[in-house]
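Thanks for asking me to look this one over. Here are my notes, set out as numbered points to read alongside the model.

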Amino acid sequence: MAQLKLKTNIHKLFGELNIPGDKSISHRSVMFGSIAHGKTTVTNFLPGEDCLSTISCFRKLGIKIEETEEELIIHGNGFDGLKEPNEILDVGNSGTTIRLLLGILAGRPFFSTLVGDRSIGKRPMTRVTEPLTKMGAAIDGREHGLYTPISIRGGKLNPIHYKLPVPSAQVKSALILAGLQAEGESVIIEPAAARDHTERMIRMFGGEIHQENGSITVTGGQRLTAAHVPVPGDISSAAFFLVAGAIVPDSEIVLKNVGLNPTRTGIIEVMKKMGAAIELISNQDDTFEPSGDIVIKTSKLTGTVIEGDLIPKLIDEIPIIALLATQAEGQTIIKDAEELKVKETNRIDTVVQELKKLGASIEATEDGMIINGNSQLTGGTVSSHGDHRIGMMLSIAALLCKHDVFLEDAEAISVSYPNFFTHLNSLIQ
Ligand code: S3P
């Protein structure tokens with residue numbers, strides 16, 4: 001496993017970055033391109049390992065996907081264009097791939113087997129296999145469908161009326177994708193708004209879906225038509241540089257083309273509340289996914305409480321927000337975030353354990369963490385635990401460390417941000 005010596009003791013970050021494509025939207029562009037009729041083109045597709053796993057699964061399902069320098073071209077032929085794979089579908093590290101794919105396969109009259117890496121093997125799948133089974137799919141897996149490997153034989157589906165037990169875009173999307181193949185109207189109720197990229201993409205591909213007061217209605221049998229998908233930059237990737245710019249002295253960073261879908265901008269809300277010098281300098285909100293350019297400067301921060309309906313809007317940013325909180329005045333409390341325990345790692349444990357190694361004052365709680373600010377970070381050997389976001393958070397933390405920092409399992413970062421270190425190094429003055 002690669003161990004990397006990180007850059008430490010940095011006194012200034014300055015420059016401009018073009019943020020790479022959004023991971024959630026890139027996955028969905030391949031999926032919708034595959035189930036729509038015609039030639040879908042995607043620009044600014046994220047070539048991270050997770051999204052490459054999605055491409056590989058859809059190729060095994062018989063879809064022709066071309067990758068050129070400028071774009072991805074997907075030749076879809078409707079749901080019926082998907083064919084029984086003669087190989088196992090390997091989703092690698094990607095929870096989005098497996099959960100959304102199960103929703104698509106639930107309505108396909110053939111057999112597939114899905115596997116992933118060690119981390120995927122520990123993540124709960126009953127949250128999708130149970131409602132999809134209720135709709136009529138035949139699914140089995142290790143521990144009665146809780147974990148991979150999972151086998152699925154899809155077929156004729158009944159619509160579902162389902163209240164999500166957790167606010168999860170992956171579960172919601174799996175049920176919407178199955179609902180598109182069911183006979184009649186499915187209704188999905190969300191306890192809190194999770195990212196709505198699937199809903200937006202259905203409309204982009206000429207379909208209909210209704211969202212009202214936390215209730216989503218979709219009718220089966222719709223014909224989706226190919227589209228052009230310009231993927232905005234990933235706010236979850238931009239987050240590492242938003243925090244870096246705020247906590248490294250004397251810094252100013254411009255982040256270009258950042259996705260600003262309101263179901264994803266919790267980090268901006270929190271940083272503003274903490275006093276960050278963060279400014280939106282251009283904003284395009286007339287497109288299917290809003291985006292804009294952001295400037296962040298070194299900031300004087302104060303602690304805050306992060307809880308409730310805000311959590312789904314920043315769930316993937318909590319590791320880097322924890323680092324931000326170590327540099328604020330006072331205490332920060334993160335609550336209602338139990339979902340962190342079932343991400344690529346148990347992110348309550350990995351964040352607390354690794355930041356402590358660097359000298360932070362941070363404690364785990366049942367549903368989040370408590371972070372004391374004004375910490376002088378020291379140094380040491382830390383690990384990503386194979387989790388891309390933990391690896392990137394620790395690389396940003398190292399910038400403030402006085403002593404050497406070594407990162408184990410650094411290669412995990414390529415899951416969502418293959419050129420992360422090139423971008424980081426370009427800013428270091
Ligand atoms: C995602 C949804 C979220 C998020 C993940 C991507 C998506 O997961 O954490 O990184 O693309 O739908 P949950 O749906 O499990 O909350």
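1. A word on terms to begin with: a residue is called buried when its relative accessible area is under 20%. Please also keep in mind that this is a predicted model.

2. With that cut-off in hand, have a look at helix α10, residues 318–326. Nine of its nine residues are buried, so the helix is largely enclosed by the rest of the structure. If you want to find them, they are I318, P319, I320, I321, A322, L323, L324, A325 and T326.

3. Next comes helix α9, which spans residues 266–273. Its buried residues are G266, I267, I268, V270 and M271. The cover over them includes α8, α10 and three strands, β16 (277–284), β17 (291–297) and β18 (305–306). After α9 comes G275, with a positive phi near 100 degrees.

4. Some of these names return in the largest nonpolar core, which has 76 residues. Within this core, I267, M271, L323, M369 and I396 touch the most other members. Helix α8 supplies the largest share of the core, ten residues. Another core, of 64 residues, lies apart from it, and F32, V42, I104 and V231 are among its members. As a general background, nonpolar side chains tend to be buried together in soluble globular proteins.

5. How do α8 and α12 cross? The axes of α8 (residues 235–247) and α12 (residues 388–398) come within 10 Å and cross at roughly 15 degrees. Angles under 35 degrees count as roughly parallel, and that makes α8 roughly parallel to α12. The crossing is right-handed. On the α8 side the meeting residues are S236, F240, A244 and I247, while α12 brings R389, M392, M393 and I396. By type, the residues of this contact divide into six nonpolar, one polar and one charged.

6. S416 deserves a look in the same viewing session. It sits in the loop between β23 (405–408) and α13 (420–427). Is S416 buried or exposed? Its relative accessibility is 1%, so S416 counts as buried. Setting aside neighbours within four places in sequence, S416 is in contact with K23, L46, S237, H388, R389 and M392. Two of these, R389 and M392, also belong to the α12 side of the contact with α8.

7. A second helix pair to check is α4 (residues 126–135) with α6 (residues 169–179). They pack at an angle of about 20 degrees, their axes 9 Å apart, and are therefore roughly parallel to each other. Here too the crossing is right-handed. From α4, the contact uses R127, V128, P131, L132 and M135; from α6, it uses Q170, V171, A174, L175, A178 and G179. Those residues divide into eight nonpolar, two polar and one charged.

8. Helix α6 appears again around α7 (residues 197–204), a mostly covered helix with six of its eight residues buried. The buried ones are H197, T198, E199, R200, M201 and I202. What covers them includes α1 (23–35), α6, β12 (210–212), β13 (215–219) and β14 (228–230). Just after α7, G206 has a positive phi of about 80 degrees.

Note on methods. Residues are numbered from 1 along each chain as its sequence is written. This is a predicted model: local features need pLDDT of at least 70, side-chain atom pairs count only at pLDDT 80 or more; totals for chains, interfaces and linings use all residues. Side-chain values use heavy atoms; hydrogens and water are left out. Axes are lines fitted to C-alpha atoms, for helices over the stretch in contact, and angles run from 0 to 180 degrees between N-to-C directions. Helices (H or I, at least four residues) and strands (E, at least two) are DSSP runs, numbered from the N terminus. Angles under 35 degrees count as roughly parallel, over 145 as roughly antiparallel, 65 to 115 as roughly perpendicular and the rest as oblique. A crossing is left-handed if the near helix is turned anticlockwise from the far one by less than a right angle, and right-handed if clockwise. Contact means heavy atoms within 4.5 Å. Ala, Val, Leu, Ile, Met, Phe, Trp, Tyr, Cys and Pro count as nonpolar, Asp, Glu, Lys and Arg as charged, and the others, Gly among them, as polar. A nonpolar core is a set of buried Ala, Val, Leu, Ile, Met, Phe, Trp, Tyr and Cys residues joined through side-chain atoms within 4.5 Å. Buried means under 20% relative accessible area, exposed over 50%, partly exposed in between (1.4 Å probe, protein chains only).
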